[in-house]
Amino acid sequence: MNPVVSALGLTPGKVIAVHLNYRSRATQRGRTPAHPSYFLKAPSSLSGSGELGRPDGTELLSFEGEIALVIGTTAHRVAPTDGWCHVGWVTAANDLGLYDFRYADRGSNLRAKSGDGFTPIGPGFLPADEIAPARLRVRTWVDGQPAQSADAGELLFGFGELVADLSRLSTLHPGDVILTGTPAGASIVKPGQRVEVEVDQPGQASTGRLATTITTGPAVPPHGAPPRVDETTRSEARGETATEPVGQDVLARLRHLGVATLSAQLRAQGMQQVHIDGVRPARAGRGFAGRARTLRYVPLREDLFAEHGDGFNAQKRAVESLGPGEVLVMDARGDTAAGTIGDILALRAQQRGAAAIVTDGCARDAAAIAGLDLPVYHAGAHPAVLGRRHVPWEVDTAIGCGGATVAPGDVVVGDDNGVLVIPPALAAEVAGDAEEQERRERFIAEQVRAGHGIAGLYPLTGEWLAAYQRWQQRHADGSEGGSR
């Protein structure tokens, strides 16, 4: 039976879902919307805890843990400040979907998202007038392992704003359901796996865990659009980061270039405020290049730490959502009176394939961190936990680290000379210019070792420039060449 009908005695006329509404998810998708956009799910998709069959012959059944709002009073053209007043209850939801059919109704998601039972909600319904919307949190587990966790502070569009926006043109009636978006960590599940979603106000109220066990269901009849997937669809379903403007080939080139050389080329581009000052490698000789993910700490305030510091907090969410080749950059305000990363979380980042961790705060367990295969750059060692000075606050937002602004998706490069940030649009050009600079410097070093003076040689001018060009051509041809 429909959970809204059985639990609240209301019949939902609409189930409305938001496409993108968490910063972490927007970063994965490679776009941040200026305004919310929506799609409809059929009321017949609503269900409660139980089993859901992935149709035989399909591959990509996705889960998305969400905070669901159930409208309590009619809303028509209400103001954003009044939107929450029309919410009657809050519950947990799992916005399940078959990416195999996403191509067939792209945007509307009708066949992908509206299957019978594809919107489990419940089990508990929290009265909206008894909770603080800003303190709500959603968490998802797959086979008992944390997969998603985010609080309402990470929303791009608040609950009241969604109600107001939707009510501008469509009247919202009691029982209508709004799915408010999913954070990073959504992925795919297979038959035999179990997904659990819980919405709570930590320490005060909880919906309990909404549990869905995936089974193998009957195949979809052959008439109509067939299931279809490709590598792009698989990547999107798994929640992998969207294609970045900086490809793996450019990142590989940057890993082999010196940060000092890259700094010079960025300066030539007019980019001077790109150095993350005051950080050093936990172990020398550990260069890296990767795309930035960000974590911001705010100064300790005991009540805020009690609310945001425990459990699966922003620090742990940032580590657990890292993807291969990503660099976790932490904004600790340059405060070196407490640790901001320890060996266990650094080890977990290494296991997830992260390229590096950079913090302008301190590291705990410094010796253990230095022994990892993961490059970690920090401002010093300190034995205290972050709760002495920091509250883990938010992920995947623009931050300041060591005096440099770092945005999600920026390119971060480090070696023993330090760490710098490269705007993605400049990465390929800077890499090419830096490679040319290093070729010139190899030629210059050869001449200095041969006993030549540096006049006209460093920098290259005149006859020495012509000699370099001949040297470069011989090396490009694979032949041996002398200085002249």
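For sorting residues, Ala, Val, Leu, Ile, Met, Phe, Trp, Tyr, Cys and Pro count as nonpolar, Asp, Glu, Lys and Arg as charged, and the others, Gly among them, as polar. The model here is predicted, so local features need pLDDT of at least 70 and side-chain atom pairs pLDDT 80 or more, while totals for chains, interfaces and linings use all residues. Residues are numbered from 1 along each chain as its sequence is written, and side-chain values use heavy atoms, leaving out hydrogens and water.

The second largest pocket (an open set of points on a 1 Å grid over the protein atoms alone, with protein on both sides within 12 Å along at least five of seven lines) has a volume of about 340 Å³. Its lining (residues with an atom within 4 Å of a point) has 20 residues, with His19, Arg29, Arg31, Arg102 and Asn109 nearest the centre. By type, that lining splits into ten charged, six nonpolar and four polar residues. Helix 2 (23-29) and helix 3 (110-113) each chip in at least two of them; helices are DSSP runs of H or I, at least four residues, and strands are runs of E, at least two, numbered from the N terminus.

Now for strand 6. Seven of the seven residues in strand 6 (residues 65-71) are buried, so the rest of the structure largely encloses this strand; buried means under 20% relative accessible area with a 1.4 Å probe, protein chains only. Gly65, Ile67, Leu69 and Ile71 cover one side, and Glu66, Ala68 and Val70 the other, all of them buried.

Strand 6 runs antiparallel to strand 7 (residues 87-94), joined by seven bridges, and Gly65 has Asn94 as its bridge partner there. Strand 12 (residues 177-179) is also antiparallel to strand 6, with three bridges, and Leu179 partners Ala68. Strands pair if DSSP finds at least two bridges between them.

Definitions and conventions: Buried < 20%, exposed > 50% of the residue type's maximum accessible area, 1.4 Å probe, protein only. 1 Å grid on protein atoms, 1.4 Å probe; cavity = no way out; pocket = protein on both sides within 12 Å on 5 of 7 lines; lining within 4 Å. Points joined across faces, edges and corners; volume = space filled by probe spheres on them.
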